[in-house]
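Here is a friendly walk through one protein–DNA model. Have the viewer open and follow along, contact by contact.

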Protein chains: 2
Amino acid sequence: MDNTDSLKLSQQLCFPIYSVSRLLTKAYKPYLDEIGITYPQYLVLLVLWEKDDISIQQISDKLLLNTNTISPLLQRMEKRDLIERNRCHKDERSVKVKLTEKGSELKLRAVPIPEELLNVLITENIRLPEIKQLKSVLEEWITVLSTHESNNK
Amino acid sequence: MDNTDSLKLSQQLCFPIYSVSRLLTKAYKPYLDEIGITYPQYLVLLVLWEKDDISIQQISDKLLLNTNTISPLLQRMEKRDLIERNRCHKDERSVKVKLTEKGSELKLRAVPIPEELLNVLITENIRLPEIKQLKSVLEEWITVLSTHESNNK
DNA sequence: TGCAACTATATCGTGCACGATACAAATTTA
DNA sequence: TAAATTTGTATCGTGCACGATATAGTTGCA
């Protein structure tokens, strides 16, 4: 074992996460295609279905995505009549995002999606408690990584 | 708890993976900036440092990335004089990718990177055995998800 | 041998991500 | 209250991802 073994792909921590993230997004695709949205648009809708009429900044905070990613994303969603964007009266800098009727109605059609995805994942080697445990570990990582990130700003 | 609770962002399985993947890539950035490459380019180099002079298809298989992603990526890497691309004599359809001297030399400068990243992650709540266990769980997921994907083709 | 099927790569179009920059509105501060 | 700073969005440029499509080279088989 020489000192460059740490650079083997199989040794990397980052690669499995990166790959699983892409593969999971791909696994969502057929279900999201059916209701005509992309994966990041689905995330925005999850936020709005939970709490409607919020600012772009609030969406950005919840999804950990920069506003320069979300801004054009929301513009595309507005074009598809999923949401409305209006300047906030109290603070004219801020833009409030609200679901349209079409956007609200998609919620019902989205309800079965998480379960379908779980069924894809759950096999002999992957069981529900394991998935839940992994989720909580990853949430701890998010805390560490997003703190680390803001420390570097 | 109504039947739409499964659509809460905090309930989602996909979101933590997606976020950790992005945050991890961001955490790599300062180290990769220093040697002038992007994260996906780093992955390609990891593959080539381990086994040089292989085809685009072989890189695609190892990284689970489509060739239509890797093709332009390699073109950018060739422009930056990290690799060479040459048609294979035995099979003129195939393109062999080879490290340049500059590409090979980057390996030494990349050696410390994985350890630096581990130091970012390891805290009171995240320890090395936990990270290793998570890595093996994710590798199981890759198997399941990539099998599922190829079943749908 | 001829031609259909397959394989390896490239190109195109769309949609993220994100750093850098711009800019107007709001807030702080001198 | 005027000037400096901060905040909230938008825009621009670059680099992925990936489905769809194109194309040249190879293989299989009637």
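## Polar contacts to DNA strand D

In this predicted model, a backbone N or O atom of Gln57(A) sits 2.8 Å from a phosphate oxygen of DNA strand D. Arg85(A) reaches the backbone of DNA strand D with its side chain: an N or O atom there is 2.9 Å from a phosphate oxygen. Chain B takes part too, and here the partner is a base: a polar side-chain atom of Arg93(B) lies 2.8 Å from a base nitrogen of DNA strand D.

Which elements give two or more residues to the surface near DNA strand D? From chain A they are helix H1 (14-35), helix H3 (56-63), helix H4 (67-79) and strand S2 (83-87), and from chain B they are H2 and H4.

## The surface around DNA strand D

DNA strand D is surrounded by 29 residues, and the closest are Tyr18(A), Ser71(A), Asn68(B), Arg76(B) and Arg80(B). By residue class, this surface divides into six nonpolar, 12 polar and 11 charged.

If you look from the DNA side, sugar or phosphate holds 73% of the atoms of DNA strand D within 4 Å of the protein, and the rest belong to bases.

## Turning to DNA strand C

Around DNA strand C there are 29 residues, of which Asn68(A), Arg76(A), Arg80(A), Tyr18(B) and Ser71(B) come nearest. Of the atoms of DNA strand C that come within 4 Å of the protein, 74% are accounted for by sugar and phosphate. The surface near DNA strand C is made up of six nonpolar, 12 polar and 11 charged residues.

Three polar contacts are worth displaying here. The side chain of Gln41(A) places an N or O atom 2.9 Å from a phosphate oxygen of DNA strand C, while Ser94(B) has a polar side-chain atom 3.4 Å from a phosphate oxygen of DNA strand C. Asn68(A) addresses a base instead, with a side-chain N or O atom 2.7 Å from a base nitrogen of DNA strand C. At least two residues each of this surface come from helix H2 (39-50) and H4 of chain A, together with helix H1 (14-35), helix H3 (56-63), H4 and strand S2 (83-87) of chain B.

## How the two chains are related

What turn lays chain B on chain A? A turn of 180 degrees does it, with a shift of 0.0 Å along the axis and an RMSD of 0.0 Å. The two copies are therefore related as by a two-fold rotation axis. Both copies use the same surface, as 100% of the contact residues of chain B recur in chain A.

## Helices H2 and H4 of chain B

Within chain B, the axes of helix H2 (residues 39-50) and helix H4 (residues 67-79) come within 11 Å and cross at roughly 85 degrees. H2(B) and H4(B) are therefore roughly perpendicular to each other.

On the H2(B) side, the contact involves Pro40(B), Gln41(B), Val44(B) and Leu45(B); they meet Leu73(B), Leu74(B), Arg76(B) and Met77(B) of H4(B). These contact residues divide into six nonpolar, one polar and one charged. Arg76(B) in this contact is also one of the residues closest to DNA strand D.

Technical notes: Residues are numbered from 1 along each chain as its sequence is written. Chains are lettered from A and ligands numbered from 1 in the order in which they are written. This is a predicted model: local features need pLDDT of at least 70, side-chain atom pairs count only at pLDDT 80 or more; totals for chains, interfaces and linings use all residues. Side-chain values use heavy atoms; hydrogens and water are left out. Axes are lines fitted to C-alpha atoms, for helices over the stretch in contact, and angles run from 0 to 180 degrees between N-to-C directions. Helices (H or I, at least four residues) and strands (E, at least two) are DSSP runs, numbered from the N terminus. Angles under 35 degrees count as roughly parallel, over 145 as roughly antiparallel, 65 to 115 as roughly perpendicular and the rest as oblique. Contact means heavy atoms within 4.5 Å. Ala, Val, Leu, Ile, Met, Phe, Trp, Tyr, Cys and Pro count as nonpolar, Asp, Glu, Lys and Arg as charged, and the others, Gly among them, as polar. Copies are superposed by least squares on the C-alpha atoms of residues with pLDDT of at least 70 in both. A residue is near a molecule or strand if one of its heavy atoms lies within 4 Å of it. A polar contact is a pair of N or O atoms within 3.5 Å; within protein, one must be able to donate a hydrogen and the other to accept it, and residues adjacent in sequence count only if both atoms are side-chain atoms.
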